[in-house]
Amino acid sequence: MIEVSNLIKQYGKDIAVNDISFTVNEGEILGFLGPNGAGKSTTMNIITGYIAPTSGTVKICGYDIIDEPQKAKSKIGYLPEIPPLYVNMTVDEYLDFVCDIKKISKGDKKDVLEKIKDIVKISHVSNKIIKNLSKGYKQRVGIAQALIGNPEILILDEPTVGLDPKEIIEIRDFIKTLGKNHTVILSSHILSEISAVCDRVLILNKGVIVAQDTTENLSENLSKNHKMNISVKGDKENIKTALENEESIVSVIQQGENEKDTYQFIVEASENCDIREVIFDNAIKNNYKILGMNPVEMSLEDIFLKVTDIEDNSIKENTENEENDEGNSEGEGNE
Ligand code: ADP
Ligand code: MG
């Protein structure tokens with residue numbers, strides 16, 4: 001449904017989006033997750049045809065966004081980071097105006113608007129001036145304008161930013177509802193939001209995709225047999241020291257005592273090793289008993305920190321000999 005290939009966007013010498021490729025399937029809710037300055041808005045602006053890429057292509061239902069912009073754009077409803085609202089108009093005047101831009105026929109207009117206002121629950125503020133609405137309601141009007149023309153694809157750039165918790169939940173809920181009959185791309189720098197709403201997540205950092213998968217798979221692949229919650233019986237200090245002395249184990253944290261002489265530890269091993277075997281051998285060597293072993297699932301937060309950290313480290317390695325430390329705060333001041 002959406003095919004993005006080798007997208008690059010350069011602003012002068014700075015690369016905002018650095019060779020990213022991905023596809024979005026029909027009916028999917030894809031989350032763009034990344035810190036400020038990661039390139040989320042830039043990517044969305046390119047996909048929706050607002051700005052041109054430096055190179056690379058975007059196809060929307062087979063139509064190239066540059067070669068056949070009208071056909072491609074007619075499939076997309078877009079809520080940009082700053083919604084294009086005319087704040088001195090009433091809600092109805094504004095939505096009417098958007099209908100004209102999107103060439104909705106006069107005869108259809110009333111029906112179309114009634115339906116959309118009903119979906120985003122703004123019928124009761126139809127005659128209010130937009131600037132007098134709360135932020136949450138302004139955002140609903142922004143989503144309403146994206147829905148006009150019945151696009152198959154919805155692209156929502158940080159739709160809950162600046163909203164209060166109640167508004168956030170409401171907006172999230174109807175994004176989920178909209179996801180039932182639309183393909184949605186949603187960006188956020190809030191991890192819990194992405195995991196609450198999206199089927200799949202694409203993590204962006206400094207213009208590159210550092211991970212993409214379903215939320216469950218990401219968690220599974222990155223933490224598989226790597227971090228365990230173990231329950232062991234024996235002398236607490238001896239066990240702790242024995243585990244810590246193991247070369248492939250990077251951290252041992254005691255969780256508590258369950259029964260007498262039975263302790264719980266979170267043990268983490270370096271990558272590329274099966275921690276279960278290491279713990280098993282360690283227990284035999286040091287004469288303690290393993291009563292239980294459970295993998296520790298990583299939260300999306302952990303994964304995010306981990307993949308962005310890997311990325312930062314590899315950047316550091318690449319620039320190790322050049323004495324500069326740019327890249328650690330780059331792009332963070334653009335909120
Ligand atoms: P995000 O939406 O993830 O916060 P953006 O796509 O807005 O990130 O920005 C990515 C990078 O591109 C940032 O470093 C930002 O400063 C830069 N950038 C964005 N728009 C422009 C522009 N019009 N001119 C110059 N640099 C820009
Ligand atoms: Mg942005």
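In this predicted model, an oxygen atom of ligand 1 lies 2.9 Å from a polar backbone atom of K40. Taken alone, ligand 1 exposes 560 Å², and the protein buries 66% of that area. The polar contacts of ligand 1 include those in the following table.

| Residue | Part of the residue | Atom of ligand 1 | Distance |
|---|---|---|---|
| K40 | polar backbone atom | oxygen | 2.9 Å |
| G39 | polar backbone atom | oxygen | 3.0 Å |
| Y11 | N or O atom in the side chain | nitrogen | 3.4 Å |

**The shell around ligand 1**

Ligand 1 is surrounded by 12 residues, of which G37, G39, K40, S41 and T42 come nearest. By character, the residues of this shell divide into 7 polar, 4 nonpolar and 1 charged. Helix 1 contributes the most to the shell, with 3 residues.

**The magnesium ion**

Ligand 2 is a magnesium ion, and its protein donors are S41, through OG, and E81, through OE. These donors lie 2.0 to 2.5 Å from the ion. S41 belongs to helix 1 (residues 40-47), whereas E81 sits in the loop between strand 6 (76-79) and helix 3 (91-101), so the pair ties together parts that are 40 residues apart in sequence.

The two donors also have their own values of relative accessible area. S41 has a value of 16% and is therefore buried, the limit being under 20%. E81, with a relative accessible area of 45%, is partly exposed.

S41 thus appears in both settings: this residue is among those that come nearest to ligand 1, and S41 is also a protein donor of the magnesium ion.

Definitions and conventions. Residues are numbered from 1 along each chain as its sequence is written. Chains are lettered from A and ligands numbered from 1 in the order in which they are written. This is a predicted model: local features need pLDDT of at least 70, side-chain atom pairs count only at pLDDT 80 or more; totals for chains, interfaces and linings use all residues. Side-chain values use heavy atoms; hydrogens and water are left out. Donors are N, O and S atoms within 2.8 Å of the metal (3.2 Å for Na, K and Ca); water is not among the atoms, so sites may look incomplete. Helices (H or I, at least four residues) and strands (E, at least two) are DSSP runs, numbered from the N terminus. Buried means under 20% relative accessible area, exposed over 50%, partly exposed in between (1.4 Å probe, protein chains only). A residue is near a molecule or strand if one of its heavy atoms lies within 4 Å of it. A polar contact is a pair of N or O atoms within 3.5 Å; within protein, one must be able to donate a hydrogen and the other to accept it, and residues adjacent in sequence count only if both atoms are side-chain atoms. Accessible areas come from the Shrake-Rupley method with a 1.4 Å probe; for residues, only the protein chains shown count as cover. Ala, Val, Leu, Ile, Met, Phe, Trp, Tyr, Cys and Pro count as nonpolar, Asp, Glu, Lys and Arg as charged, and the others, Gly among them, as polar.
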